[in-house]
Amino acid sequence: MKKMQKRLATTCVFFSLVFLVCSIFTISSSSFASTGKTLDNLQAAYDGESNANAKYLAFAAKADEEGYGEVASLFRAAAKAEQIHMASHAKVIQEMGAVPIAKIKEAQVLTTKENLQAAIEGETYEKTMMYPEFISAALDEENDAALSSFTFAMEAEAGHAAMYTEALVNLDTLKGSAAKDYFVCTVCGLTVANIDFEDCPSCGISKDEYIKVS
């Protein structure tokens, strides 16, 4: 009888340990699956937007120095949009239990023409490659918050690329230009030269949520 009780106790302990190990593995696996690739992508996007913000502010200072006031305003407006994207990505990162990390690199500042070309390349990469890839991963992992943050950023970057391209094409005529007003959505970062709508075309927020940057 005593042997049977001892064997039963040993069996119970064994299965308890097995259950504990399985539970730990399940929790760990679940935690990993809930973050997966998307958390890494959010960190990469946060770092990228942080550096873009710093770079565009440096480009704006150079444009002012060279007498391209309107281009300087455009760079400052885009910098503000990147700041909004930074905050959006950071919020999702924190909701996922992590800390946003960015390593700001010193911007390579050349002539305004070259700075516009560099900005176009950067925005084009983000709108055609980086963000579509990040959006795909967020969809696979069913992370709606990250999906929204990535999508808003991608749409704003597409607008920046178009405005930078227009500025580059017309750069000769912009020499000696004064500062110009641009408007940036405080929710999604969409940047426009004129507000001819009631609600943001990207996120649907009221036009009253836009701020002026010049």
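Two strands are taken to pair if DSSP finds at least two bridges between them. In this predicted model, β1 and β3 meet that condition, pairing in the antiparallel sense over four bridges. The sheet to which these strands belong offers a convenient point of entry, and the helices can then be placed around it.

The chain as a whole comprises four helices and three strands, and along the sequence these elements follow the pattern α-α-α-α-β-β-β. Of its 214 residues, 38% count as buried. The exposed surface of the chain comes to about 12000 Å², of which carbon and sulfur atoms supply 58%. Among contacts with a separation of 6 or more, 74% are between residues 24 or more positions apart.

The three strands form an open sheet with the order β2-β1-β3 and antiparallel pairing. Strands β2 (191-192) and β3 (210-213) stand at the edges with a single partner strand each, so one side of each has no neighbour in the sheet. Helix α2 packs on the sheet and touches β1, β2 and β3, its direction making about 5 degrees with that of β1. In general, the strands of a sheet pair through backbone hydrogen bonds, in either a parallel or an antiparallel arrangement.

The register of the sheet can be read from individual residues. V184 stands opposite I211 in β3, and F183 stands opposite K212 in β3. On the side of β2, the bridge partner of F183 is V192. Two bridges join β1 to β2, and these strands run antiparallel. The hairpin of β1 and β2 has five residues between the strands, and in this hairpin G189 takes a positive phi near 85 degrees.

The nonpolar interior comes next. The largest nonpolar core has 26 residues, and those with the most contacts inside it are Y56, V71, F75, L116 and Y164. At least two residues of this core are supplied by each of α1 (2-65), α2 (69-95), α3 (112-140), α4 (144-169) and β1 (182-185). Helix α2 provides the largest share, nine residues. A second, separate core of 17 residues includes Y46, M130, F134 and F150.

Y164 illustrates the packing of the largest core. Leaving out residues up to four places away in sequence, Y164 touches Y56, L74, F75, A78, L116, A119, I120 and E123. Aromatic rings also take part in this region: ring pairs link Y56, F59, F75 and Y164 into a cluster.

Across the whole structure, a search finds nine aromatic pairs. In one of them, the rings of Y131 and F134 have their centres 6.2 Å apart and their planes at 90 degrees, so the pair is edge-to-face; an angle over 60 degrees is what places a pair in that class. Y131 and F134 both lie in helix α3, three residues apart, about one turn of the helix. Both of these residues are buried.

Polar residues also occur in the interior. Where in the secondary structure does E49 lie, and is E49 buried or exposed? E49 is placed in helix α1 and, because its relative accessibility is 0%, counts as buried. The contacts of E49, without residues up to four places away in sequence, are E82, H85, M86, H89, E126, Y131, A153 and E157. E49 and A153 are 104 residues apart along the chain, yet their C-alpha atoms are separated by 9.3 Å.

H85, one of the residues touched by E49, lies in helix α2. H85 has a relative accessible area of 2% and is therefore buried, the cut-off being under 20%. Apart from neighbours within four places in sequence, H85 is in contact with E49, F152, A153, A156, E157, C188 and G189. G189 thus appears both among these contacts and in the hairpin of β1 and β2.

E142 offers a contrast to these buried residues. E142 is found in the loop between α3 and α4. With a relative accessible area of 69%, E142 is exposed, whereas E49 is buried. The backbone of E142 also deserves attention, since phi is near 55 degrees, a positive value in a residue other than glycine.

How values were computed
Residues numbered from 1 in each chain as written. Predicted model: local features only at pLDDT ≥ 70, side-chain atom pairs only at ≥ 80, totals over all residues. Heavy atoms only, no water. Core = buried A, V, L, I, M, F, W, Y, C linked by side-chain atoms within 4.5 Å. Buried < 20%, exposed > 50% of the residue type's maximum accessible area, 1.4 Å probe, protein only. Contact = heavy atoms within 4.5 Å. Areas by Shrake-Rupley, 256 points an atom, 1.4 Å probe, with all protein chains shown as cover. Phe/Tyr/Trp six-rings, centres within 6.5 Å; stacked < 30°, edge-to-face > 60°. Axes fitted to C-alpha atoms, helices over the stretch in contact; angles between N-to-C directions.
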